[in-house]
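Here is a friendly walk through one model, from its helix packing to its sheet, its ligand shell and a few single residues. Please keep the structure open beside the text as you read.

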Amino acid sequence: MSNLKKNSQLVVIVPTYKEADNLAELTRRIFLAVSKAGIETELLIVDDNSLDGTEQVCKTLANQHPVRLITRTLERGLATAVLHGIRESEHDYILVMDADLSHPPEDIPRIVHLLNEGYDFVVGSRYVKGGSTDAEWGLFRWVNSKVATLLACGLTTLNDPMAGFFGFPRRILAGSPQLTPVGYKIGLEILVKARCQKVIEVPIAFTERVRGESKLTLQQQLLYLRHLRRLYRFCFPQTAEIIQFAIVGSSGVIVDLFLYLGLTYGVRIDHQLSRAISFVAAASWNWFFNRWFTFVNGRGKKWGKQWLQFLTSASVGFTVNWGSYKLLTDYVPYLGQHHIVAFFIGILLGMGSNYTLSRWFVFRPFNESIEGARP
Ligand code: GDD
Ligand code: MN
């Protein structure tokens, strides 16, 4: 690896919060590993004002190694700290790792070597052959990690996309849209948004931290679901929208049904009147959630007019649904025998009409670039 020095200008970005006790050993092991491999490296610690002695420790370490500390006082969070470090550095190669020695610094040269070979994104992976997690990992944490990984399977083929130990060349960020992670999966954000093509995993042995404690709360983990939704919308904007529309529509059917039954058999008003009321109520329900949830630009319009437009398009959808049922059962002999099939075809055609009108009329325009602007 003697040619590494020439090609590589590496920054190791380590986000920290109350990690003062880990920094000396981390720094020692990082620089031992990279100097053996001849990789010129700067260590950039992005600390969120831990006030635990981090500054003093870094000052001492900076006497021996190229270590830089950035202290943020206005913001907190792992992912934004990493982004901050990326912005504040200029090196061609960026490597991100945790401070708590869960990620073995000895694996850095292998990652850099693959970056030199032209890879876009290299992950220190627990879930490939040769990789491992600590035996102390409880079942809960293991299942948790596996489920999180499974949920991301439509976004990446990596076995360990949740990893916090990864490297990439700065060039991949050049054409990428704004990075807006919610939560802490910054690696996944970069991998997806930069549309990395040449991706590879190297096995690592992940060890549990010895000093300090984990900062990642359940709340952070729940943010992951929101992050996932954003990333899926980013990768498959139209499909994600149709699926969300279908989810909202199905919930509307339930509202429709229960209201209709409640008004007819509970309140005992005329069944045709309750049918009309439940239709308007369910359509309003759908409108509200589609405005709030499905369509990226949905909230940009005045709500009163949009609501009326949605009711109109829902009425058209209902007419299409009922009309196609009638035509199909009247004129298609098979469907004249099998009403239930016609019933579902009607529902599909009605939903198709609803979606088309919603997309191109009620909630237009379609603009995926706004992705990320919404929570
Ligand atoms: N600047 C900053 N601000 N750093 C933070 C913050 C914060 O608010 N919260 C955590 N960190 C730092 C920690 O100091 C540590 O260096 C690193 O981010 C990881 O935090 P841990 O608290 O050790 O996280 P973990 O061990 O639960 O999670 C790790 O493993 C996961 C996979 O199991 C992380 O690497 C995750 O990214 C990874 O998904
Ligand atoms: Mn950790």
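## A pair of helices

This is a predicted model, and a good place to start is the packing of helix α7 (residues 186-193) on helix α8 (residues 218-235). Their axes lie 11 Å apart and form an angle of about 5°. Because of that angle, α7 is roughly parallel to α8.

Which residues of α7 and α8 meet? From α7 come Leu188, Val192 and Lys193, and from α8 come Leu231, Phe234 and Cys235. Sorted by class, this contact of α7 with α8 holds five nonpolar residues, one charged residue and no polar ones.

## The sheet

Let us turn to the strands. Seven of them form an open sheet with mixed pairing, in the order β3-β2-β1-β4-β6-β5-β7. At the edges are β3 (67-71) and β7 (199-203), each of which pairs on one side only. From one strand to the next, the twist averages 20°.

Inside that order, strand β1 (residues 10-16) and strand β2 (residues 41-47) run parallel and are joined by seven bridges. If you would like a landmark here, look for Ile13, which stands opposite Leu44 in β2.

## Helix α4 across the strands

Helix α4 (residues 78-87) lies across β1, β2, β3 and β4 (93-96), and runs at about 150° to β1. Is α4 mostly covered or mostly open? It is mostly covered, with seven of its 10 residues buried.

The buried residues of α4 are Leu78, Ala79, Ala81, Val82, Leu83, Gly85 and Ile86. They pack against β1, β2, β3 and β4, and also against α7, the helix that packs with α8.

## Around ligand 1

Ala81 of α4 is buried, and it also appears in the shell around ligand 1. There are 23 residues around this ligand, and those that come nearest are Pro15, Ala81, Ala99, Gly164 and Lys215.

Which elements each supply at least two residues of this shell? Among them are β1, β2 and α4. The shell is mixed in class, with nine nonpolar, six polar and eight charged residues.

## Pro161, a buried loop residue

Pro161 sits in the loop between α6 (139-151) and β6 (166-169). Is Pro161 buried or exposed? It counts as buried because it has 24 C-beta neighbours inside 10 Å, where 20 or more are needed.

Leaving aside residues up to four places away in sequence, Pro161 touches Thr149, Ala152, Thr156, Leu188 and Leu191. One of these, Leu188, is also among the α7 residues that meet α8. Pro161 and Leu150 are 11 residues apart in sequence, and their C-alpha atoms are 9.6 Å apart in space.

## Two positive phi angles

Most residues other than glycine have a negative phi. Two residues here are worth a look for that reason.

Asn49 is not a glycine, yet its phi is positive, at about 55°. Asn49 belongs to the loop between β2 and α3 (54-64). With 14 other C-beta atoms within 10 Å, Asn49 is partly exposed.

Leu101 also has a positive phi, near 70°. You will find Leu101 in the loop between β4 and α5 (108-116). Leu101 has 19 C-beta neighbours inside 10 Å, so it counts as partly exposed; a residue is buried at 20 or more.

Methods
Residues numbered from 1 in each chain as written. Chains lettered and ligands numbered in written order. Predicted model: local features only at pLDDT ≥ 70, side-chain atom pairs only at ≥ 80, totals over all residues. Axes fitted to C-alpha atoms, helices over the stretch in contact; angles between N-to-C directions. Helix = DSSP H or I, 4+ residues; strand = E, 2+ residues; numbered from the N terminus. Parallel < 35°, antiparallel > 145°, perpendicular 65-115°, else oblique. Contact = placed C-beta atoms within 7 Å. Nonpolar A, V, L, I, M, F, W, Y, C, P; charged D, E, K, R; others polar. Pairing = 2+ DSSP bridges. Near = placed C-beta within 6 Å. Buried ≥ 20, exposed ≤ 12 C-beta atoms within 10 Å, placed from the backbone.
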